[in-house]
2 protein chains.
Amino acid sequence: MPTISHRGKEMPASPIRKLVPFAEAAKKRGTKVYHLNIGQPDIETPPSTLDAVRHFQFKILEYSHSAGNESYRRKLVKYYAANGIDISYDQIIITTGGSEAILFGLLGCLDAGDEVIIPEPFYANYNGFAVEAGVKVVPVTSYIESGFALPPLETFEKAITKKTKAIVICNPNNPTGYLYSREEWDILKQLALKYNLYLFSDEAYREFCYEGSHFSAMKLEGLDNNVVLMDTISKRYSACGGRIGAFITRNKELLDTAMKFAQARLSPPSFSQILGEAAIDLPEDYFDITREEYRRRRDLLVKRLNEMPGVYCPNPGGAFYAIARLPVPDADVFCQWLLESFSFKGETVMLAPASGFYGSPGLGLNEVRLAYVLNQEAIQAAMDCLQAALLVYPDKIEVKSKSELLTHY
Amino acid sequence: MPTISHRGKEMPASPIRKLVPFAEAAKKRGTKVYHLNIGQPDIETPPSTLDAVRHFQFKILEYSHSAGNESYRRKLVKYYAANGIDISYDQIIITTGGSEAILFGLLGCLDAGDEVIIPEPFYANYNGFAVEAGVKVVPVTSYIESGFALPPLETFEKAITKKTKAIVICNPNNPTGYLYSREEWDILKQLALKYNLYLFSDEAYREFCYEGSHFSAMKLEGLDNNVVLMDTISKRYSACGGRIGAFITRNKELLDTAMKFAQARLSPPSFSQILGEAAIDLPEDYFDITREEYRRRRDLLVKRLNEMPGVYCPNPGGAFYAIARLPVPDADVFCQWLLESFSFKGETVMLAPASGFYGSPGLGLNEVRLAYVLNQEAIQAAMDCLQAALLVYPDKIEVKSKSELLTHY
């Protein structure tokens with residue numbers, strides 16, 4: 001029997017999905033499960049964009065241009081201009097989800113054995129794409145005590161080696177919800193220039209900022225050859241299944257290189273390019289409404305969490321995720337227990353253990369990620385479950401006061 | 001300025017698309033260009049499958065299962081059963097085009113530095129995916145003189161090293177149109193067992209066989225752990241833009257590994273999974289009609305080519321490609337000349353130089369690939385252009401007799 005590759009064995013299983021069998025078993029027992037574990041929004045995809053797909057006119061579902069339909073890319077220029085990002089249509093390659101944009105970046109900028117620095121906790125699938133590309137992820141730790149702010153410049157400098165080729169920043173951040181400030185971007189700019197690094201900016205949640213405004217890496221001056229914007233319509237328009245993203249850079253040589261990867265896989269999906277193009281025509285207040293909905297959910301979630309004895313959750317500035325510290329020794333065990341051994345009024349809650357979002361072993365063991373992708377009523381019920389669970393959890397750690405929380409563990 | 005990766009530089013540009021700027025210039029001059037260079041069929045996508053997409057019911061375009069919708073995979077089991085291929089739905093991972101299935105195979109079965117053997121000429125994008133995966137493609141040459149039959153067992157054995165992990169076969173073949181026989185599959189089976197190799201079977205053109213019937217690698221007995229079927233609906237249903245393929249194997253460990261790659265990129269495109277699922281319900285004669293249309297085109301194309309002095313084209317048994325030898329010293333130069341400096345009645349033809357389909361340098365220099373994806377009238381006109389072009393081409397090689405053709409060059 002032929003063997004599996006080493007990279008196939010190294011490839012991490014999804015930390016978001018590994019508890020799925022326990023959730024399925026709970027549902028089979030009749031327990032209702034609130035899914036706060038995965039970033040699949042319950043917000044409806046804008047009906048006008050779905051209608052645009054329904055009304056497609058072609059009779060042959062042809063390959064599109066490998067960089068995506070020109071009409072779509074030209075409209076995206078307007079979208080980015082409205083966000084203060086000045087690019088031309090031929091600096092955009094439409095990708096199959098943000099996932100493919102990340103892969104193109106790793107393949108085009110780094111060779112196998114090269115290193116990429118990412119503040120941890122980070123989007124777990126970066127690990128997967130790094131394994132695929134043979135690239136080493138070097139984590140620099142951000143801490144719940146500071147709300148997961150950017151680690152200081154010196155921490156990055158200690159992590160940089162001759163093999164470091166890029167820094168990846170997700171802003172606002174998945175899984176922490178942290179919104180990076182202009183000052184933090186200046187630190188990243190300094191690093192990119194001093195060490196000649198690429199700066200990959202994952203801006204999937206650009207519109208979902210609640211404290212302050214979003215600063216795009218594409219606005220950094222003097223970094224045209226360093227910055228790559230990795231984007232996606234998945235969260236922006238609740239269009240996760242469309243698999244439409246974008247790889248954007250002003251670096252001509254890198255763009256030409258990424259086009260070769262794009263040509264090899266022929267084209268991005270055609271139907272959802274229509275959806276993406278139609279989304280540019282949404283009314284200006286579209287994001288205001290969605291953002292307000294997410295803001296209310298965040299406020300509720302964070303309030304409920306911090307009211308629970310022994311729980312601490314910093315207020316996330318953006319995206320639709322929060323990381324909370326729980327009074328438990330091992331959140332992996334606790335999350336499984338929630339599904340396997342607990343219910344409250346016939347219901348329970350599914351959370352993502354945060355350990356899978358850290359690159360350094362042993363970190364985040366008492367943290368969970370919560371995605372506030374359910375409506376407020378569901379969030380209330382989910383928090384009721386969590387609160388009741390923590391009261392009865394056998395392995396709970398006793399925390400005497402709130403101020404003790406940040407030093408206790 | 002940060003540098004491009006070595007693999008980014010190594011990544012080949014598409015041999016099918018590299019003449020595109022010359023075609024665009026010809027069109028701007030008012031010359032009509034017949035595109036026989038690319039496998040984009042002009043056959044309409046079955047209207048019922050497009051209607052199925054129009055009538056989708058969901059309000060949220062959610063991620064699908066990472067392996068694709070279960071309902072689609074369950075229906076695919078019926079499709080494969082009708083083709084004599086016995087698999088279960090959980091042995092299927094729906095991929096983003098056949099492209100992704102190939103990439104999953106290379107990543108899951110081979111490590112960087114490992115080798116994969118492919119009979120040349122071969123689908124050029126295998127090269128691209130191999131560069132992405134850091135894998136070395138070792139070509140074994142098939143020859144126009146034998147109609148591009150499988151090279152003998154000894155040729156494979158000479159090419160096998162300790163690093164060889166897999167053989168890739170595209171059946172029927174792109175770019176040669178060759179349909180592999182049951183006997184040739186037995187040779188491949190021997191090799192796979194003796195040297196413990198994976199056998200990747202790309203069956204994109206399964207339904208388009210004109211001489212004899214298709215034999216799927218999935219029917220080889222005793223090779224459950226070796227065979228990976230890489231499939232796609234792109235050509236089968238003229239649904240290239242859907243980006244739906246499949247990675248299929250009975251090797252449980254490999255399947256689990258591929259699922260980790262599938263989970264990292266979350267899910268395949270949702271809309272076109274609906275199309276793929278609807279396609280299983282097409283009437284039984286759907287492929288009969290399409291196959292007959294392609295057969296007529298093939299007959300016409302091959303006849304016209306072989307009637308031209310100095311031209312030789314073996315009769316392809318399947319797919320919708322043919323490779324022809326032309327009486328020119330360099331088909332790359334000739335194909336560019338067709339677009340830049342030639343027209344006949346205001347028209348010209350775009351062909352794909354075959355050199356880009358060979359892994360060995362210097363092979364296929366006087367060969368072109370023709371895709372018979374245009375209707376018969378267009379093929380006639382395109383052949384008129386080629387015939388007229390060869391009469392006036394300044395660098396034409398004189399070939400005295402037809403029998404001389406196969407030894408002349």
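In this predicted model, 37 residues of domain 1 of chain A are in contact with 32 residues of domain 2 of chain A. The elements that each supply at least two residues of the domain 1 side of this contact are α1 (6-10), α11 (286-307), β9 (321-325) and β12 (367-371) of chain A. Of these, α11(A) gives the most, with 5 residues. Domain 1 of chain A is made of two stretches, 6-44 and 286-391, while domain 2 covers 58-279. Taken over C-alpha atoms, the centres of the two domains of chain A are separated by 25 Å.

Chain A also meets chain B: 62 residues of chain B are in contact with 62 residues of chain A. On the chain B side, α1 (6-10), α3 (47-54), α5 (97-109), α6 (125-133), α9 (252-264) and α10 (270-279) each supply at least two residues. The largest share of that side, 7 residues, comes from α9(B).

The table gives the make-up of one side of each contact.

| Side | Nonpolar | Polar | Charged |
|---|---|---|---|
| Domain 1 of chain A, touching domain 2 of chain A | 19 residues | 9 residues | 9 residues |
| Chain B, touching chain A | 24 residues | 25 residues | 13 residues |

The two chains are related by a rotation of 180° with 0.0 Å of shift along its axis, which superposes chain B on chain A with an RMSD of 0.0 Å. That is the relation of a two-fold axis. In chain B, the C-alpha nearest the axis belongs to R54(B), 2.2 Å from it. The copies meet through the same surface, because 100% of the interface residues of chain B are also interface residues in chain A.

Key. Residues are numbered from 1 along each chain as its sequence is written. Chains are lettered from A and ligands numbered from 1 in the order in which they are written. This is a predicted model: local features need pLDDT of at least 70, side-chain atom pairs count only at pLDDT 80 or more; totals for chains, interfaces and linings use all residues. Copies are superposed by least squares on the C-alpha atoms of residues with pLDDT of at least 70 in both. Two residues are in contact if their C-beta atoms, placed from the backbone, lie within 7 Å. Helices (H or I, at least four residues) and strands (E, at least two) are DSSP runs, numbered from the N terminus. Ala, Val, Leu, Ile, Met, Phe, Trp, Tyr, Cys and Pro count as nonpolar, Asp, Glu, Lys and Arg as charged, and the others, Gly among them, as polar. Domain bounds come from an automatic or database domain assignment.
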